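Q: I'm new to this structure and would like a close look at one part of it. Could you walk me through the largest cavity and what surrounds it?

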Amino acid sequence: MQSKAHFVGAVAVVVCSSVAFAADEATDPKAILRAAADRLQAAKSLSADMQVEVKVGISGFEHGKSAKYKVAVQRPNRFLLLRTDGDLGGTVASDGETLVEYRSELRQYTVVEAPKSLDEFGSGTLDGGMGGIMMAMLSDDPMERLTGQVTSSEYLGVDTLEGVECHHLKFMAEEWDYDIWVTTGDQPTIRRIAPDLSKQLGEEEKEIGYSIQISYDVTNWKFDPELTDATFIFTPPASAELVEEFTALVPPPVEPPVVAVNPLIGQPAPTFALSKLDGEQFDLKDAIGKQVVVLDFWATWCGPCVVGLPKVAEVAADFKDKPVVVYAVNLKEEPEAISEFLKEQEIEINVLRDAQGSAAEKYDVSGIPQTVIIGLDGRVHVVHVGLPKDIKAELTEAINALLNREDLAAKELAKLNAPQDEPAEEAAEDDPEADKQPPTEEESTEAEPAETP
């Protein structure tokens with residue numbers, strides 16, 4: 001978690017504000033934001049409504065989630081972020097002594113000691129960061145939390161949001177930019193926050209037009225309302241499970257997890273039956289033992305999937321005259337949307353529809369893309385989670401090896417028993433190189449392999 005003095009989680013903040021400024025401050029983004037931030041900081045209690053919307057994907061094939069929240073605060077450490085509608089995030093409540101967090105998608109909740117102040121609440125605690133924006137605004141120093149990493153700002157004029165005039169401000173930081181709308185008038189409030197995370201995307205994702213769109217709309221601000229003890233009491237549903245830690249969920253798309261060997265490696269390939277795009281049935285057991293099988297789990301809204309799928313299709317074409325079959329296993333999308341996407345992207349590949357996620361569950365797919373290669377012996381030999389640097393080259397090499405009956409699974413499993421190198425302390429004493437200075441930061445960076453996107 002970053003320092004509490006800065007906004008956490010590479011997510012931006014949008015504010016609408018206006019007050020009676022001097023002429024030279026009327027269009028100063030930081031002065032406008034400061035006026036709204038000062039009002040928040042001065043309030044002993046606050047309440048508001050917040051709506052969050054997230055969309056990811058390429059134009060026309062976005063995947064979206066949204067949620068509505070009731071927010072209430074009483075300093076120093078009473079807090080409520082109550083989800084009232086939608087499928088994004090959960091609920092967090094602190095009555096000043098106990099902090100309850102409920103995650104509806106898991107049907108799980110935790111109970112811990114409440115932080116001593118609002119500044120000690122982190123966005124990581126608040127359900128994947130959805131509450132991080134609000135906590136920045138409600139902190140002991142909102143201005144610092146919202147602009148601590150900002151390198152420049154710009155005034156973009158006055159916009160009207162649902163009939164309310166707002167100053168449109170833009171703030172730029174090294175890793176992200178964000179727009180903030182602050183209401184005009186002598187009682188400025190933060191109205192909307194819209195982060196721009198394009199700086200965090202890879203070049204290939206930018207080339208295909210992949211985007212991450214997030215907006216936080218805050219309405220019905222009330223300053224110093226009368227709040228009772230009952231406001232901050234939250235009781236999870238009776239069916240929810242009390243846990244010490246939440247079950248790990250890796251939101252797609254993902255980077256490869258740090259594991260030595262995937263547990264599927266060397267195991268008999270789980271079988272399944274799914275429909276193709278044309279409705280024809282495909283049963284994996286009919287291909288196992290006869291062909292090398294490649295399964296690429298994907299979705300149209302997943303940036304790394306969209307980057308990698310054309311290369312997987314090229315691999316399929318390269319091996320079309322050999323005992324190799326490649327299937328792109330689509331997760332939970334309608335056939336019309338899949339067909340339209342393939343046509344627009346000019347991709348030709350066999351597609352299976354995993355409408356219920358049953359095949360993905362058998363192959364332990366917690367994030368996409370995930371690519372699995374099954375050998376002629378019916379065992380899983382290769383599992384790629386995330387998008388390797390050169391997916392085509394890696395798939396081609398692995399398929400050729402399996403066609404030659406190489407046991408790639410055994411090679412991977414052997415890594416588990418590989419002896420660890422012991423430090424040669426005595427050799428170091430006699431080594432004239434041992435007294436050399438450690439490499440500079442630039443030298444170290446050049447020597448490290450590039451991270452897998």
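A: A quick term to begin with: helices and strands here are DSSP runs, with at least four residues for a helix and at least two for a strand, numbered from the N terminus. Keep in mind that this is a predicted model. By that count, the chain has 11 helices and 19 strands. It runs to 453 residues, and 48% of them are buried.

Now for the cavity. Just one cavity of 30 Å³ or more turns up in the structure, and the space inside the largest cavity comes to about 40 Å³. Its lining is made up of Asp296, Cys305, Gly308, Leu309, Val312, Pro369, Thr371, Gly386, Leu387, Pro388 and Ile391. Sorted by type, that's seven nonpolar residues, three polar and one charged. Helix α5, which spans residues 303-318, is the top contributor to this lining, with four residues.

So what about the surroundings? The largest nonpolar core has 113 residues, and those touching the most other members are Met137, Leu295, Phe297, Ile349 and Tyr363. Helix α5 shows up again here, giving this core its largest share, eight residues. Ile349 makes a handy link back to the cavity: setting aside neighbours within four places in sequence, Ile349 contacts Leu309, Val312, Ala313, Val326, Ala328 and Leu342. Two of those partners, Leu309 and Val312, also line the cavity. Apart from all this, a separate second core of 10 residues has Leu80, Ala93, Tyr102 and Phe232 among its members.

Conventions: Residues are numbered from 1 along each chain as its sequence is written. This is a predicted model: local features need pLDDT of at least 70, side-chain atom pairs count only at pLDDT 80 or more; totals for chains, interfaces and linings use all residues. Side-chain values use heavy atoms; hydrogens and water are left out. On a 1 Å grid over the protein atoms alone, a cavity is a set of points where a 1.4 Å probe fits but cannot get out, and a pocket is an open set with protein on both sides within 12 Å along at least five of seven lines; lining residues have an atom within 4 Å of a point. Grid points are joined across faces, edges and corners, and a volume is the space filled by probe spheres set on the points. Ala, Val, Leu, Ile, Met, Phe, Trp, Tyr, Cys and Pro count as nonpolar, Asp, Glu, Lys and Arg as charged, and the others, Gly among them, as polar. A nonpolar core is a set of buried Ala, Val, Leu, Ile, Met, Phe, Trp, Tyr and Cys residues joined through side-chain atoms within 4.5 Å. Buried means under 20% relative accessible area, exposed over 50%, partly exposed in between (1.4 Å probe, protein chains only). Contact means heavy atoms within 4.5 Å.
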